[in-house]
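User: I am new to this structure and would like to go through some of its charged side chains step by step. Please take my questions one at a time and show the reasoning behind each answer.

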Amino acid sequence: MTVAIDLPEPSAPPIGEVHESVARDAREFGAYARTGGWAFALKVARSVRPGGHAAGETPKVSAKEFSALADCSAERVMRYYKAWDKASDDGLVPLFEALVPGEDIELPDADVWSTYYVSRSSAASERGSAITAAAEAEGIRPTKALEVAENPTALRAAILADPGTAQAARTALLDRVREDPAFQTELARDIVRADELKKAVASESRAADRIGYVRQIVENGQIRTPAGQTVEAPAELRAEAERHLSLLDELDGSEEAGEWATEAYDTVKGLVAEAVEADPELRVQERRTKFYSSLQKATKVFEELTLDDADDIYEDDMVQRLEALQAAIGTCITALRKASPAH
């Protein structure tokens, strides 16, 4: 398809009573609709001197002179020049040297124009280069990503108004969090400062812990008793845990897992308690472990008391509490001695 850039005057008057200026605009619009920016790139490519060519060697002018004649910036002219240069490297359009001022040639379709033309100077910056690379990796046009990056207010409006955009933004933020520790810290601070988000995170964390408890039983075949012992899970208990886990895994992303996680956790936790009570040896070991754990905690707390200044902090209630504690410890020691093998 050959597109005439400088359209000649029509040999016949336009159909009907259409004004000539309107008809000309329509023809120019049609030419641009078919070729997009290539129509303007050709004007630059056939009129601007390629690098290394002196002024006297060709009727073409420099990009600066062309921009002055066009009453626009030289930077804008060079963006079209570079787009043509990239396309010529790919064999899509002729080289600059093969073009003659005023000559029309067959131009590529408008659809491929955005592949070569970068409309924003920000694309040349380090930030713009990163955005361009990310856009290409996602299989989208860099100009789209650059436009969004330059208008964060529009992005915010789209996120607030459209659930689909909000979902895409959420997914992108999660990917960014995994790769950017500093951003991860900033986001965590924002969450803990917002009461609603903090509560939601705590709820989801609790649900995740409960699902993890059930999953650990299924995958490892072991249970953790209330006293902290790890023992083999009975077959019936493991089967019930598998049933609940399968229900949890079937939930889609839009369903709340909290209620299901609580039900699974409570059920499995109850079965663990029943398993402990059903095994006499395990029941005794559980009591022993729980007692010793409590004893260690009590000992640590008492050791942390500072008694050097007891004279200054004396109160009758303190003495009474310590005397009651002393009596309880004595009773406990007597009971333990009676339960020793020697007796």
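User: Which helix holds both Arg178 and Asp175?
Analyst: In this predicted model, the side chains of Arg178 and Asp175 meet in a salt bridge, with 2.9 Å from N to O. The two residues are three apart along the chain, about one turn of the helix, and the element in which both of them lie is helix 9 (residues 163-179).

User: Is Arg178 buried or exposed?
Analyst: A residue is called exposed when its relative accessible area is over 50%, and partly exposed when the value falls between 20% and that limit. Asp175, at 38%, therefore counts as partly exposed. Its salt-bridge partner Arg178 has a relative accessibility of 62%, so Arg178 counts as exposed.

User: How many residues apart are Arg321 and Asp317?
Analyst: Arg321 and Asp317 also form a salt bridge through their side chains, at 3.0 Å from N to O. Arg321 is exposed, with a relative accessible area of 60%, whereas Asp317 is partly exposed at 40%. Both belong to helix 15 (residues 316-338), where their separation is about one turn of the helix, that is, four residues.

User: Where in the chain does Arg46 lie, given that Asp104 and Arg46 link distant parts of the chain?
Analyst: The side chains of Asp104 and Arg46 meet in a salt bridge of 3.0 Å, N to O. Asp104 sits in the loop between helix 4 (74-89) and helix 5 (113-116), and its partner is 58 residues away, so the place asked for, that of Arg46, is the loop between helix 2 (38-45) and helix 3 (63-70).

User: Is Arg46 buried or exposed?
Analyst: The cut-off that matters here is 20% relative accessible area, since a residue under that value is called buried. Asp104, at 30%, counts as partly exposed. Arg46 has a relative accessibility of 4%, so Arg46 counts as buried.

User: How many salt bridges does the count come to?
Analyst: The pairs discussed above include Asp104 with Arg46 and Arg178 with Asp175, and another of them is Arg321 with Asp317. A pair qualifies when a side-chain nitrogen of Lys or Arg is within 4 Å of a carboxyl oxygen of Asp or Glu. By this rule, the number of salt bridges is nine.

User: What is the phi of Asp71, which is not a glycine?
Analyst: Asp71 is found in the loop between helix 3 and helix 4, and its relative accessible area of 72% makes this residue exposed. Although Asp71 is not a glycine, its phi is positive, at about 55°.

Technical notes. Residues numbered from 1 in each chain as written. Predicted model: local features only at pLDDT ≥ 70, side-chain atom pairs only at ≥ 80, totals over all residues. Heavy atoms only, no water. Buried < 20%, exposed > 50% of the residue type's maximum accessible area, 1.4 Å probe, protein only.
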